[in-house]
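Reader: I should like to learn how to read the features of a structure that is new to me. May we take them one at a time?

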Amino acid sequence: MGKVIVSTGRGGAGKSTFVALASKYLNPKKLLIDLDPDGSLADMLGIDLNEKGKKSISSALYDVIEENKGVGRTGYNLLSDVLQPVLYRGAEFDLITLGTKFTVGCYCAPDAVLKDFIPILVKDYAEVVVDSPAGLEHFNRKVVVDIDDLFIILDPSEKSTKHIERVRDITRELKVSYNHFYLIGNYRFTGETEEHLRSAGEAYLGKIDYDPNVRQYNLEGRSLLKLPEDSPAALCVKRILVKAGYKIMNGDLTLSRARK
Amino acid sequence: MARKIVSTGRGGAGKSTFVALISKYLNPPTLLIDLDPDLSLADMLGLDFQKEGKRTVCEALYDVIEKRKSNISPSITTHDLMESSLWSDCLYEGKNFDLITLGTKFTEGCLCAPDELLRKTIPKLAKNYTTMLVDSPAGVEHLNRNIVSDINDLFVLCDPSDKSLKHIGRIKEIIKQVGIRYSHFYLVANYECNEEAEKYLLNTGEIYLGKIDYDAHLEQYNLEGKSLLELPEDSAASLSVKRVLAKAGYQIRS
């Protein structure tokens, strides 16, 4: 049974950046899931899903519905109609994206597909990492109900503090379970504002330092996997994962450098 | 009919900050609508909703459903009960602006119900105001839901990333397919954009109105949860939004 990891937080906090950077150090075999209809995790990992002949869940569902209309069929086969066209299998990681839909209505249908997939898929992987959309609605939908590690990425604002409370309330009310609740500060925290987070005690794993490379890569749409090993953001993510008890891949040497 | 203004963008781009800052320069009476379940625009405007005795839309819906379980009044439909609750319990009426906030929901399921109630009520509400200003949640789902189908000015707040550019393309496509109408589509850069990033925005072919300059006051206010309405008139962010509004052809109230 794989470990289920969820990255969440307010918009722009750095959820996807964290997932992209962490993905490199997690143990294979790993599956990454981009739950954000406005997401760009594939781009951030340098994968062109279109080119690889893969679809997003939203577009796979759309295609199934369109095809069904033609042949007078209803319903679909979860594995052959949806999983097969959406699951990208790579050398380093596998990837599924929710994708944008261009029809009226909410994302309950594609989310429900993932909700069904995750308990099945988790058996095939050592780690399943879910990158959430901004906000809380994904919790209301209970897309992932059984979380091992829940990482909340924060920006320095009063709104972030309130967001933490909201996540705690909403997960409790909806019975979304997690084993660990971790807080991570983004690059905008200063020594002073970081004190707020330190008061959270053990749950606070540290912050991700400012990294001009990440900024530039994001501006140009380049893969974050190509970031130099000694780049500050990558080192911070490694340190954070170690602190959360992860045995990280091929990072010991650079880790000691990071501690200096 | 009110001029309908919608602020949208990727998470953290500055949608709510933009709304809070421009709210005081628009033609009154103004109705603000906060569609984000993860944020309280009220906080940014220094308003304690609970103290004012107001409910969020999610809370009001919950109340109506709970009440209906024990006390059935067959002559009124649930929708009517909800709509009347929206007007009487959720609409905060203040001196400078009125405000409706969606609020967080603590029961299972998506936010279609409260969003749908707002979608149906917005055209009615719009008749009572000169300006209606909607602050969206991060992402694109609110556009798929077609909550405001008839927009005058759509402001897209942008951070310096390729994702922002992709976001612009994505929302244009959703808007087209879903059938949302708008008169103007404007881009506004956030304080993180440097000249290089601004160049990207200038080259999108959309109307680029300029950027909101970095403002140390603003950062401090957000950190402490202070009302942005108290930001000094001559602070960098206030001056920027005035410039942006003027460029979009607004007559600015001072």
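Author: Let us start with a pair of strands in this predicted model. E3(A) and strand E4 (residues 94-97) of chain A run antiparallel and are joined by two bridges.

Reader: Which residue of E4(A) is the bridge partner of Arg89(A)?

Author: Asp94(A) is the bridge partner of Arg89(A).

Reader: What is the order of the strands in the open sheet of chain A?

Author: The sheet has eight strands, in the order E3-E4-E2-E5-E1-E6-E7-E8, and the pairing is mixed. Strand E3 (88-89) and strand E8 (204-207) of chain A stand at the edges; each has a single partner strand, so one side of each lacks a neighbour in the sheet.

Reader: Let us turn to helices. What general idea should guide me?

Author: An α-helix has 3.6 residues a turn, so residues three or four places apart point the same way. Helix H7 of chain B may serve as a case: residues 162-178 form this helix of 17 residues. From its first C-alpha to its last, H7(B) reaches 24 Å, close to the 24 Å expected at 1.5 Å a residue.

Reader: Which residues of H7(B) are buried?

Author: They are Lys163(B), Ser164(B), His167(B), Ile168(B), Arg170(B), Ile171(B), Ile174(B) and Ile175(B).

Reader: What covers the buried residues of H7(B)?

Author: The cover includes strand E1 (3-9), helix H6 (141-144) and strand E6 (150-158) of chain B, together with H9 of chain A. After H7(B) comes Gly179(B), which has a positive phi, near 90°.

Reader: Is helix H10 of chain A largely enclosed or largely open?

Author: H10(A) is largely enclosed by the rest of the structure, because nine of its twelve residues are buried. Among them are Ala233(A), Leu235(A), Val237(A), Lys238(A), Arg239(A) and Ile240(A). The helix covers residues 232-243 and reaches 17 Å from its first C-alpha to its last, close to the 16 Å expected at 1.5 Å a residue. It is followed by Gly245(A), whose phi is positive, near 85°.

Reader: What should one know in general about backbone angles?

Author: Most residues other than glycine have a negative phi, and most peptide bonds are trans. Chain A offers a cis peptide bond from Pro28(A) to Lys29(A), with omega near 0°. Lys29(A) is placed in the loop between helix H1 (15-23) and strand E2 (30-34) of chain A.

Reader: Where in chain B does Pro29(B) lie?

Author: Pro29(B) lies in the loop between helix H1 (15-22) and strand E2 (30-34) of chain B. The peptide bond that leads to it from Pro28(B) is cis, with omega near -10°.

Reader: What is the phi of Lys142(A)?

Author: Phi of Lys142(A) is near 55°, which is positive although the residue is not a glycine. Lys142(A) belongs to the loop between H6 and strand E6 (146-154) of chain A. With 17 C-beta neighbours inside 10 Å, Lys142(A) counts as partly exposed.

Reader: Where is Asn146(B) found?

Author: Asn146(B) is in the loop between H6 and E6 of chain B. This residue, not a glycine, has a positive phi of about 55°. Asn146(B) is partly exposed, with 17 other C-beta atoms within 10 Å.

Reader: How many residues of each chain are in contact with the other chain?

Author: There are 42 residues of chain A in contact with 42 residues of chain B. On the side of chain A that touches chain B, helix H6 (137-140), helix H7 (158-173) and helix H9 (212-220) of chain A each supply at least two residues. H7(A) gives the most, with seven residues. By character, the residues of this side of chain A divide into 14 nonpolar, 13 polar and 15 charged.

Reader: How many helices and strands are there in chain B?

Author: Chain B has ten helices and eight strands. Its radius of gyration is 18 Å, close to the 18 Å that the globule rule gives for 254 residues, so chain B is as compact as a globular protein of that length. Buried residues make up 51% of the chain.

Reader: Which scores does the model have?

Author: The model scores ipTM 0.87 and pTM 0.91. Chain B averages a pLDDT of 93, and 98% of the residues score at least 70.

Technical notes:
Residues are numbered from 1 along each chain as its sequence is written. Chains are lettered from A and ligands numbered from 1 in the order in which they are written. This is a predicted model: local features need pLDDT of at least 70, side-chain atom pairs count only at pLDDT 80 or more; totals for chains, interfaces and linings use all residues. Two residues are in contact if their C-beta atoms, placed from the backbone, lie within 7 Å. Helices (H or I, at least four residues) and strands (E, at least two) are DSSP runs, numbered from the N terminus. Ala, Val, Leu, Ile, Met, Phe, Trp, Tyr, Cys and Pro count as nonpolar, Asp, Glu, Lys and Arg as charged, and the others, Gly among them, as polar. The expected span of a helix is 1.5 Å times one less than its number of residues. A residue is buried if 20 or more other C-beta atoms lie within 10 Å of its own, exposed if 12 or fewer, and partly exposed in between; C-beta atoms are placed from the backbone. Two strands pair if DSSP finds at least two bridges between them. The radius of gyration is taken over C-alpha atoms; the globule rule is 2.2 Å times the number of residues to the power 0.38. pLDDT is the predictor's confidence in each residue, from 0 to 100.
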